[in-house]
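Me: I'm new to this one, so could you walk me through a single part of it up close? I'd like to look at the place where the two chains meet.

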Number of protein chains: 2
Amino acid sequence: MVDYELAVEEGDNPGVRAMEVAREQTVELPAASYAAELEDAIVGRLESLAPEGTAGRWRARMVYSAETVGDDLLQLVNLVAGNVSMMQGVRVTDVELTPGLLARFRGPSFGARGLRALAGVEERRPVIVSAAKPMGLTSAELAERCAQLARAGVDFVKDDHGITNQTWAPFRERVPRCHEAVERANQATGGRTVYVPNVTGPIDELMGRLEFVAAVGCPAVVITPMLSGLDSLRWIARRFELAIFAHPAFSGGFYAREQILAPEVLFGLFFRLAGADAVIFPNARGRFPLSDEACLRTVERLRRPLGDLAASLPVAGGGVNAQDVARWTRRYGWDVGYLVGSSLYAEGDLEAAGRRLVAAARELHG
Amino acid sequence: MVDYELAVEEGDNPGVRAMEVAREQTVELPAASYAAELEDAIVGRLESLAPEGTAGRWRARMVYSAETVGDDLLQLVNLVAGNVSMMQGVRVTDVELTPGLLARFRGPSFGARGLRALAGVEERRPVIVSAAKPMGLTSAELAERCAQLARAGVDFVKDDHGITNQTWAPFRERVPRCHEAVERANQATGGRTVYVPNVTGPIDELMGRLEFVAAVGCPAVVITPMLSGLDSLRWIARRFELAIFAHPAFSGGFYAREQILAPEVLFGLFFRLAGADAVIFPNARGRFPLSDEACLRTVERLRRPLGDLAASLPVAGGGVNAQDVARWTRRYGWDVGYLVGSSLYAEGDLEAAGRRLVAAARELHG
């Protein structure tokens, strides 16, 4: 079932408009050009239609046949939002899968609980994630940042998502250095910080990078699915025993105001279905314009029961200040993560700043 | 060089705003938190800044270091539009690569000329593309539609982009049937119509599907890069001797009004760099809201000289009426393609409608 919010001009029939959307997503033909029996079997059924708050807005609930999707995640996304993403005045606000369709997707391998176990994060407090940055530092310099954050007790230290395989810090040099730096820090502190390398890159290097990461001993990776393709997330989750942090870069066009996909559908459903163990989303009041409500809905969707799928860890990022973590935790509850980067670096002494943040997180039980 | 169009609020400094965007795309840190020497080497240089037509709009031209990209297409896209895609009031209106960076991308293997050669399309007239549809037909029924369009003399007959591997027409059954139907029609008519199967699907099945297509003898494929990942396009172009039609589905959020990527950058540059031999774009005055000017810029960018890269064939789709092809050709010139689907099907006799369209195209020299 897909809920579309439709802008319908005065004088236009909202039911006709809803069926046009459904045809666009399936047969790509007007009604007169295909056999009537395809209407129910393929085009789908308009289950309900009701005016929305604003004048000229309607909520249309379409039920499509699961057979139009098969077991193909990309075709699911295409059916929901492919061509209509290019229209004006069409917005996907909710998607629910039948149990049969849901059973074709396996979702996160580790999930929020598995991620906590990897880094030894106790239940009932938020997970703290930070990043080794900026782009342009050498592998040794990045490794030193990783070590500082590990000594501070941060749970996960990820590569900045723009750090890939540039000459200053080539992938096969950076990953073992950063991992070893974190491991040494762990030995010194007794902590269990996990370094999370970014594997986003050319499709024909992805397998090699993942095998390399696994051989180095890193248990988790970062990938940007809107760059690498959403199905690469699913493929990694099925093919490798690696936990996955999904980064939201290049997703913005989809959920920006009035645009095609509500962020809770993209991040809260599609990223989880594909297998993200942690979903980094651009938190409200940060550098990106998600609303408080959209963030809350995203967090809720990542955690709600969904067939046999594990819950993903929602990780608020994109400008979360260390000072605000308590406030957000009152809103989201304890079972979230925070990606805090710039605000720790801005304090000057990265290790001390990280240590204060971790101490604060240990006091939080949302 | 990247041109950003920025919305700058009254009282804000447009130059400061431009550098915030550049930092977001590179170091992801405020200026105080990284060494000054990274500013030029990594963050990039604001080359020019000028007010745009509308009040509060500024055009900022940033020059980034090519080393931040390496030879990674996804990192190029990420650098240009990754995080800022999630901002409001930031739009990429132009991108130019240095010759050195351009040389790292090989672009189309066939290009517009190679595509014409595949289907024996004479120069100086538009290429006619149609589609076998709708979803829900069996392989035999789709093959019959292919045969009708081939007998009509259509140059390329593609799968509808939502037809993947559903039970009604499984991929490995549909592709040989449709290809053989077209070949038989060609033998009867002496024509050279090419059937173009859609290979978009799970990443771990992509290689198998491409090998299968090549073994069947199809010389070209359809892929939807915004679903499968833009780099899958590049990988197919490098790994297989198959011409590629890139479909625009799921791209809409990016270029919709006020959104992050001008369509001429996404379709006109990124799709060509990645290796699309034909780029299907949603034509103006069709079902999707691209402007006349944006379409003209897209067509122009796909054809303009670009290092050693071949020109891609711009293919106007998304609601092109057979009756309007002459008018569009006066606008675009002869070196374009038209994807005409619904309007042929609406005429009832698909073969006769296709034949009329092909005859009309042969008269057009833009």
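Reply: Here's a tour of the contact between the chains, followed by a brief look at salt bridges elsewhere. Keep in mind that this is a predicted model.

Let's start with the interface itself. On the chain B side, 72 residues are in contact with 72 residues of chain A. Together the two chains bury about 6,200 Å², and 62% of that is on carbon and sulfur atoms. Three residues stand out: B:Met86, B:Ile203 and B:Phe250 supply 13% of the area chain B buries against chain A, more than any other three residues.

There's plenty of polar pairing here too. Between chain B and chain A you'll find 24 residue pairs in polar contact. Several helices of chain B each give at least two residues to the side touching chain A, among them helix 1 (14-25), helix 3 (73-81) and helix 8 (203-216). Sorted by type, the residues on that side are 34 nonpolar, 27 polar and 11 charged.

As for charges, 6 salt bridges run between chain B and chain A. In one salt bridge, the side chain of B:Glu24 meets that of A:Arg287 at 2.5 Å, N to O.

Now step back: the whole structure has 54 salt bridges over all chains. Inside chain B, B:Asp335 and B:Arg116 meet in a salt bridge at 2.9 Å. B:Asp335 sits in the loop between helix 14 (325-332) and strand 12 (337-339) and B:Arg116 in helix 5 (residues 111-119), so the pair ties together parts 219 residues apart in sequence. B:Arg116 is buried, at 1% relative accessible area, while B:Asp335 is partly exposed at 22%.

Technical notes:
Residues are numbered from 1 along each chain as its sequence is written. Chains are lettered from A and ligands numbered from 1 in the order in which they are written. This is a predicted model: local features need pLDDT of at least 70, side-chain atom pairs count only at pLDDT 80 or more; totals for chains, interfaces and linings use all residues. Side-chain values use heavy atoms; hydrogens and water are left out. Contact means heavy atoms within 4.5 Å. Buried area is the accessible area (1.4 Å probe) that two parts lose on being put together, summed over both. A salt bridge is a side-chain nitrogen of Lys or Arg within 4 Å of a carboxyl oxygen of Asp or Glu. A polar contact is a pair of N or O atoms within 3.5 Å; within protein, one must be able to donate a hydrogen and the other to accept it, and residues adjacent in sequence count only if both atoms are side-chain atoms. Helices (H or I, at least four residues) and strands (E, at least two) are DSSP runs, numbered from the N terminus. Ala, Val, Leu, Ile, Met, Phe, Trp, Tyr, Cys and Pro count as nonpolar, Asp, Glu, Lys and Arg as charged, and the others, Gly among them, as polar. Buried means under 20% relative accessible area, exposed over 50%, partly exposed in between (1.4 Å probe, protein chains only).
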